[in-house]
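Please open the structure in your viewer and keep the sequence panel visible beside it. This tour goes from one selection to the next, and at each stop it tells you what you should find there.

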Amino acid sequence: MTKYVLCAFNSSQFASQRVGFLVCWEQSNATAATRAETCAVEQELSWDSISTCATGSGGVALAAEAAEQFLERFPDHATGMFGVPVVKINDVLQIETDFAPLLATLCETRIEAGACLPPTSFLAQARAPA
C-alpha cells in the first residue's frame, strides 16, 4: 500500500470510509496524489492531514509499521514469490483457492450457510413458506 492509502486509513473514523477510499483508489488511473485527494474528498476525509502524513514522517512510520505487521503475519512471504490472495480457514493456509474446494473446506467447519446445505435441503428451505 502506498503512504497515501495508509494515511487515509489512519485518518478515517469508519470502516465504510476505508472501503470507499480503497474502491475509489482502485478505480482511478491518476497519480497517487491526485487519486488520494479525489478519494479523500469523496469519503469526507481531510486531504490536508492525509497529504501532510503521506509526504512526511507520519507516512514513513505507518509504512514501516505495515511492513512489520505483514512480516509477522506472513513470515514465509518476506522474500521471493508468493501467491495472493492468502486464504486461511481456521488459521490453516489453503493451497487450493478455487471456489468449490474452498466452499467444501468452509462447509466442513460446520458453518451455517445455505451454500453448505445438501441440495435437497436447500431446495426444501427455498420452497418453505416464509
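The tour begins with the whole chain and then turns to pairs of side chains.

**The whole chain**

Before selecting anything, keep in mind that this is a predicted model. Show the chain as a cartoon and follow it from the N terminus, where the elements come in the order α-α-α-α-α-β-β-α-α, which amounts to seven helices and two strands. Now switch to a surface view: the protein exposes about 9400 Å², and carbon and sulfur atoms supply 56% of that area. Of its 130 residues, 22% count as buried. Among the contacts between residues at least 6 apart in sequence, 34% join residues at least 24 apart.

**First selection: Y4 and W47**

The structure holds two aromatic pairs. Select Y4 and W47, whose rings form a stacked pair, with 6.0 Å from centre to centre and 15° between the planes. This pair links distant parts of the chain, since Y4 belongs to helix α1 and W47 to helix α4 (residues 47–54), 43 residues apart. If you turn the surface on again, look for these two residues beneath it, as both Y4 and W47 are buried.

**Second selection: F21, W25 and R35**

Next, select F21 and W25, where the ring centres are 6.1 Å apart and the planes meet at 20°, so this pair is stacked. Both residues lie in helix α2, four residues apart, which is about one turn of the helix. Are F21 and W25 buried or exposed? F21 has a relative accessibility of 0% and therefore counts as buried, and W25 counts as buried because its value is 7%, with the limit for buried being under 20%. Add R35 to the selection and look at the ring of W25 from the side: the charged end of R35 sits over that ring, 4.6 Å from its centre.

**Third selection: the cysteines**

A disulfide is a covalent bond between the sulfur atoms of two cysteines. How many disulfides does the structure hold? There are three, and when the bonded cysteines are counted along the chain, they follow the pattern 1-4, 2-3, 5-6.

Begin with C7 and C53, whose sulfur atoms are 2.0 Å apart. The torsion about their S-S bond is about -70°, so this disulfide is left-handed. Because C7 lies in helix α1 and C53 in helix α4, the bond ties together parts that are 46 residues apart in sequence. C7 counts as buried at 2% relative accessibility, and C53 counts as buried at 15%.

Move on to C24 and C39, which form a disulfide with 2.1 Å between the sulfur atoms. Here the S-S torsion is about -85°, so this disulfide is left-handed. C24 is in helix α2 and C39 is in helix α3 (residues 32–42), so the pair ties together parts that are 15 residues apart in sequence. Both ends can again be checked against the surface, as C24 counts as buried at 9% relative accessibility and C39 counts as buried at 0%.

Finally, select C107 and C116, which are joined by a disulfide with an S to S distance of 2.0 Å. The torsion about this S-S bond is about -85°, so the disulfide is left-handed. C107 has a relative accessible area of 21% and is therefore partly exposed, and C116, at 21% relative accessibility, counts as partly exposed.

**Last selection: S12 and its surroundings**

To finish, return towards the start of the sequence and select S12, which you will find in the loop between α1 (3–11) and α2 (15–27). Is S12 buried or exposed? Its relative accessible area is 10%, so S12 is buried. Now show the residues around it: leaving out those up to four places away in sequence, S12 touches Q17, R18 and L45. One of these neighbours deserves a separate look, because the side chains of S12 and R18 are joined by a polar contact of 3.0 Å, which falls within the 3.5 Å limit for such a contact.

Definitions and conventions: Residues are numbered from 1 along each chain as its sequence is written. This is a predicted model: local features need pLDDT of at least 70, side-chain atom pairs count only at pLDDT 80 or more; totals for chains, interfaces and linings use all residues. Side-chain values use heavy atoms; hydrogens and water are left out. Buried means under 20% relative accessible area, exposed over 50%, partly exposed in between (1.4 Å probe, protein chains only). A polar contact is a pair of N or O atoms within 3.5 Å; within protein, one must be able to donate a hydrogen and the other to accept it, and residues adjacent in sequence count only if both atoms are side-chain atoms. Contact means heavy atoms within 4.5 Å. Accessible areas come from the Shrake-Rupley method with a 1.4 Å probe; for residues, only the protein chains shown count as cover. Rings of Phe, Tyr and Trp (its six-membered ring) pair if their centres lie within 6.5 Å; planes under 30 degrees apart count as stacked, over 60 as edge-to-face and the rest as tilted. A charge sits over a ring if NZ of Lys or CZ of Arg is within 6 Å of the ring centre and within 35 degrees of the ring normal. A disulfide is a pair of cysteine sulfur atoms within 2.5 Å.
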